[in-house]
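Let's take a walk through a protein fold together, stopping at its open spaces, a couple of helices and some odd spots in the backbone. Have the structure open as you read.

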Amino acid sequence: MRESTDVLVIGAGLAGLVAATEAADAGRSVIVVDQEPAQNLGAQAFWSLGGLFLVDTPEQRRMRIRDSAALAWQDWLGAAGFDREDDLWPRRWAEAYVAFAAGEKRAWLRQMGHRLFPVVGWAERGGGDATGHGNSVPRFHVTWGTGPGVVEPFARRAREAEAAGRLRFLWRHQVDRLVRTGGAVTGAEGTILEPSGVERGAASSRGAVGDFAIAAQAVIVAAGGIGGNQDMVRAAWPERLGPPPAHMISGVPKHVDGRMLAIAETAGARLINRDRMWHYVEGIRNWNPIWERHGIRILPGPSSMWFDATGRRLPAPNFPGYDTLGTLTHLRSTGYDYSWFILNQSIIRKEFALSGSEQNPDLTGRSWRLTARRAIGRRATGPVEAFKDKGEDFVVADSLADLVAGMNRLSGARLLDLAAIERQITARDRELANPFGKDAQVMGIHNARRSLGDKLIRTAPPHRILDPAHGPLIGVRLHILTRKTLGGLETDLEGRVFGEDREVIPGLYAAGEAAGFGGGGLHGYRALEGTFLGGCLFSGRTAGRAAAAAVG
């Protein structure tokens, strides 16, 4: 099968959808190819909570949050830690992205029908000084409709472009090679895979039924990162994070395998910052899995006590929701691939959220009635309670002795000493007698509740964990959860990909995670959260518009 088009987009995730619709709306003919079946439209973005990094918004101002582009850029630089020659374009992309997040991003989405939940979340709180990692203020804006609500406007635009004859999707088309002619990328060739009716996210077959070749004036690579390929994650794992884990769970489907990055490299594209990655330390096994080693991330409030596998409390500032990679680095030094939360019912009710559209049916379904239930009663949300009841990583008990015994049974090792655990929790509980004290985590809880959003729905009132009135006690075993690639194909500010000679490859563009969300790594070493979907939006828009303008 031979086809031709103005713009070829490889990957039907969020970045690819944005790029395709921007190019189609500019009047160009567009083909989108994806190796997965049509039910995977939107890819990882569909599964997300729909969190977006936005700066100085009406939602923030209503929550009495004072934010600014200058403060956001200060925080970004503190998180990114740009320090190498290859950070030239990533830093330029980062500066442009923060300006976008503080400028037209919200209005651009809103005019397409996108809406936000009114309470702004505080992710990656940091815990160091003002110039270090972390968000100084809450900036995590949850989409009303979660991940599907982010995908929806672009899926609608794509359907409209299809109806107008400007855009086509070719599902089950697996790209095997980028075609270069006279130095330029002029299309792609690959394999047509057999039809698949598997549910969204499940592994599809790789049985071949044909070949294809598509000629294009511009090719945009938007095929994601490596998070579903644990062997590749371990191969790229940097020494600074400690030894790579022998055991991990996966936060993305198996088809997020880095295959297209290798194909782009073979065609001469330059891949940079491959040692930068973003994996979570609050992963739990999904009791109802869709893909292999399927894990879910807990989005924790600040009150759970965090212990390593041997029962030692994690040192400051390695508290829940503070510094993902700092905590990962510490945990890799312990010699174990898991750690523990200890908390109680009052904390889980208010502070446990689960990442993912399917884990938040109230927000995903845009139901104010169901969402309001989060604020009443002693039970957590239905999905959280389901994990507490059915999840293999949860232990529930009325006494600390029974809890620790259950945690030891679950791990298969008697690493936790009841007396040591009790001593550490009791010491923390004594700090609750005053609204001040020396325990950094307790101080952080008091600080969090000065934020209106945290006080309303995110942080439990300070109380003693061992107080029976707040029981039962809960232990949660936490795994390392693979998620994002922070490095990627190096691009200029138009999304054009550089070759190994550091010259732009004519006709080749990249967007989304394949481009490190822009430039080959706009996050630097660390992310501030809400920036992955936003990076897909921004880089996809940029590449789609630039490719459309370049087509003759």
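Let's start with the open spaces. Keep in mind that this is a predicted model. The largest pocket is lined by 22 residues, and Arg-125, Gly-126, Gly-127, Gly-128 and Tyr-322 are the ones that lie nearest its centre. Its space comes to about 390 Å³. Helix 17 (residues 440-448) gives the largest share of that lining, namely five residues. Sort the lining of the largest pocket by class and you get nine nonpolar, ten polar and three charged residues.

Next comes the second largest pocket, with about 240 Å³ of space. It has 13 lining residues, and Leu-370, Arg-373, Ala-380, Thr-381 and Gly-382 sit closest to its centre. Helix 12 (361-364) and helix 14 (382-390) are the elements that give two or more residues to this lining. The classes here are five nonpolar, four polar and four charged.

There are enclosed spaces too. A search of the whole structure turns up two cavities of 30 Å³ or more. The second largest cavity has a volume of about 40 Å³. Around it you'll find Glu-59, Arg-106, Arg-110, His-114, Arg-115 and Leu-116. That lining splits into one nonpolar, one polar and four charged residues.

Here are three of these spaces in one place:

| Space | Volume |
|---|---|
| Largest pocket | about 390 Å³ |
| Second largest pocket | about 240 Å³ |
| Second largest cavity | about 40 Å³ |

Now for the helices. Helix 5 covers residues 88-102, which is 15 residues, and runs 22 Å from its first C-alpha to its last, close to the 21 Å expected at 1.5 Å a residue. Which of its residues are buried? They are Trp-89, Pro-90, Trp-93, Ala-94, Tyr-97, Val-98, Phe-100 and Ala-101. These buried residues cover an arc of only 170° around the axis, so they are on the same side of helix 5. A bit of background helps with the spacing: an α-helix has 3.6 residues a turn, so residues three or four places apart point the same way.

What do the buried residues of helix 5 pack against? Their partners are three other helices, namely helix 4 (69-80), helix 6 (105-110) and helix 19 (531-550), along with strand 3 (51-53), strand 11 (271-272) and strand 20 (496-498).

Helix 15 (residues 400-411) is another one to look at. Its twelve residues should span 16 Å at 1.5 Å a residue, and its end C-alpha atoms are indeed 16 Å apart. Leu-400, Leu-403, Val-404, Gly-406, Met-407 and Asn-408 are buried in this helix. The buried residues of helix 15 pack against strand 15 (338-344), strand 17 (394-397), helix 16 (418-430) and strand 18 (473-485). Just after helix 15 comes Gly-412, with a positive phi of about 75°.

While we're on helices, have a look at Gln-230 in helix 8 (residues 230-236). Is Gln-230 buried or exposed? It counts as buried, because its relative accessibility is 5%, and the cut-off for buried is under 20%. Setting aside neighbours within four places in sequence, Gln-230 is in contact with Met-248, Ile-249, Ser-250, Arg-293 and Thr-482.

Finally, some backbone oddities. Most residues other than glycine have a negative phi, and most peptide bonds are trans. With that in mind, find Arg-366, a non-glycine residue whose phi is positive, near 55°. Arg-366 lies in the loop between helix 12 and helix 13 (368-372). With a relative accessible area of 35%, Arg-366 is partly exposed. Phe-517 isn't a glycine either, yet has a positive phi of about 65°. Its place is the loop between strand 21 (504-510) and helix 19. Phe-517 counts as buried, at 1% relative accessibility.

What about the peptide bonds? Ala-316 and Pro-317 are joined by a cis one, with omega at about 0°. Pro-317 is in the loop between strand 14 (305-308) and helix 10 (324-332). The bond from Gly-471 to Pro-472 is also cis, with omega near 5°. You'll find Pro-472 in the loop between helix 18 (452-458) and strand 18.

Notes
Residues are numbered from 1 along each chain as its sequence is written. This is a predicted model: local features need pLDDT of at least 70, side-chain atom pairs count only at pLDDT 80 or more; totals for chains, interfaces and linings use all residues. Side-chain values use heavy atoms; hydrogens and water are left out. Helices (H or I, at least four residues) and strands (E, at least two) are DSSP runs, numbered from the N terminus. The expected span of a helix is 1.5 Å times one less than its number of residues. Buried means under 20% relative accessible area, exposed over 50%, partly exposed in between (1.4 Å probe, protein chains only). The arc is that of the directions from the helix axis to the C-beta atoms. Contact means heavy atoms within 4.5 Å. On a 1 Å grid over the protein atoms alone, a cavity is a set of points where a 1.4 Å probe fits but cannot get out, and a pocket is an open set with protein on both sides within 12 Å along at least five of seven lines; lining residues have an atom within 4 Å of a point. Grid points are joined across faces, edges and corners, and a volume is the space filled by probe spheres set on the points. Ala, Val, Leu, Ile, Met, Phe, Trp, Tyr, Cys and Pro count as nonpolar, Asp, Glu, Lys and Arg as charged, and the others, Gly among them, as polar.
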